[in-house]
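Visitor: Please take one part of this model and look at it closely. I would like a connected account rather than a list.

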Amino acid sequence: MKLPVVQFTREQQAFRLKVRAFLQQHLKAGTFQTKCDSWLSGSDSAFSKLIAAQGWIGMTWPKHYGGAERSTIERYILTEEFLAAGAPVAAHWFADRQTGPLLLRFGTEEQRQFFLAKIIQGECFFAIGLSEPNSGSDLASVRTKAEKVEGGWLVNGAKTWTSNAHDAHYMVTLVRTAPYDEQHKHKGLSQLIIDLHAPGVTITPIPYLTGERHFNDVFFDNVFVPDSMVVGTLGNGWAQGLAELAFERSGPERILSTFPLLNELIVELKKAHDIAGLATASKLLAEMWSLRNLSLGVAQVLEEGGEVAIPAALVKSIGTKFEQKIPEIARLLVRAYPSLQAERAFDRYMAQSILHAPGFTIRGGTSEVLYGIVAKGVVAQ
């Protein structure tokens, strides 16, 4: 498919400057400190409330649910600025990026009325329950099951690599509501909204190499979920989940996780008047610009309601390898002393990037899985 080329309007450029000024104000005030990979490792509910006060959570959603009905491109601009500044946006990230659009498309009116306003106000955070222990990258092998009981479902099983479950209030969870069939693994899957503070839910951390908490194991032991918390149609969980992943895989967060390090690399090279180093860094900028145009094109197609599974997979697979490349090249151009407590920003960002980078090509779908999606899509066309 041919993706559109996006040109920002004057109004959109003005919006970018407004967001940038907001972030600079809070950086100077010490509200937050720039970090690499801040959209996952930077969870700060108080900062999310500040963002909500600006009307920047759920900004594309309908006004009658509390949204602002702004464009997907404006949200893209907002996301770029958050990532470039390394702002702590992880608390509300998944609810804003995925859960809201999922409920708007598949949810009941009761669910929309209950959740959307709370998300927009920065008062309700979501996690996404997909991966399971002993399943590798085979998402369709889900074994967590929900058995029908009076008034709802009893859920038993486990999820792993669940981002920010410890800070979230609810989790959209992919479960089996029909017996597992080896020949038809994608059937019988449904999505349930599970209260993460309900009896029978246990959340344990999977620490980062930095020692920070982001990933979690989540266990369900006879957790009751009312019928009103079924998302969409029973048995349609696989198709609904794939639609949700288009939002997860195509955004600038698959390109800019290590942007603070790239930006600081250029600062250091300019200080040293290193012309050869700047020439190498300029190649990274050119690659980033190309990936950005690809990602922007996907955002525009999403705005128009188009199908983006293949280009979204490309953004994620190529973009995350680019993110991993930045610390590898940066360390060859500038002498680094990586430490999470370093005074020099370059050393601090280098440590964050090195320790976070192994997960870039795993989370949101491994590169191998994404290559398969692209290959199948090309064959089908």
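Guide: What follows is a close look at the N-terminal part and the helices packed within it.

The model is predicted, so local features are given only at pLDDT of at least 70 and side-chain atom pairs only at pLDDT 80 or more, while totals for chains, interfaces and linings use all residues. Residues are numbered from 1 along each chain as its sequence is written, and side-chain values use heavy atoms, with hydrogens and water left out.

An unreviewed UniProt entry places the feature "domain: Acyl-CoA dehydrogenase/oxidase N-terminal" at residues 9-123; such positions are given in the numbering used here, feature names are shortened, and annotations may be inferred rather than shown by experiment. That span is 65% helix and 0% strand, and its end C-alpha atoms lie 32 Å apart. Helices (H or I, at least four residues) and strands (E, at least two) are DSSP runs, numbered from the N terminus.

Within this span, the axes of helix α1 (residues 10-28) and helix α3 (residues 45-53) come within 12 Å and cross at roughly 145°, where axes are lines fitted to C-alpha atoms, for helices over the stretch in contact, and angles run from 0 to 180 degrees between N-to-C directions. At this crossing, Phe22, Leu23 and His26 in α1 meet Phe47, Leu50 and Ile51 in α3, contact meaning heavy atoms within 4.5 Å. By class, the contact of α1 with α3 has five nonpolar, one polar and no charged residues; Ala, Val, Leu, Ile, Met, Phe, Trp, Tyr, Cys and Pro count as nonpolar, Asp, Glu, Lys and Arg as charged, and the others, Gly among them, as polar.

Phe82, in helix α4 (residues 72-85), touches residues that include Leu23 and Ile51, and also Ser38, Trp56, Ala87 and Val89, not counting residues up to four places away in sequence. Phe82 and Leu23 are 59 residues apart in sequence, yet 7.7 Å apart in space, C-alpha to C-alpha. Phe82 is buried, with a relative accessible area of 3%, where buried means under 20%, exposed over 50% and partly exposed in between (1.4 Å probe, protein chains only).

Two loop residues complete the picture. Asp37, in the loop between α1 and α2 (38-41), has a positive phi near 60° although the residue is not glycine, and Asp37 is buried, with a relative accessible area of 1%. Glu69, in the loop between α3 and α4, likewise has a positive phi, near 55°, but Glu69 is partly exposed, with a relative accessible area of 49%.
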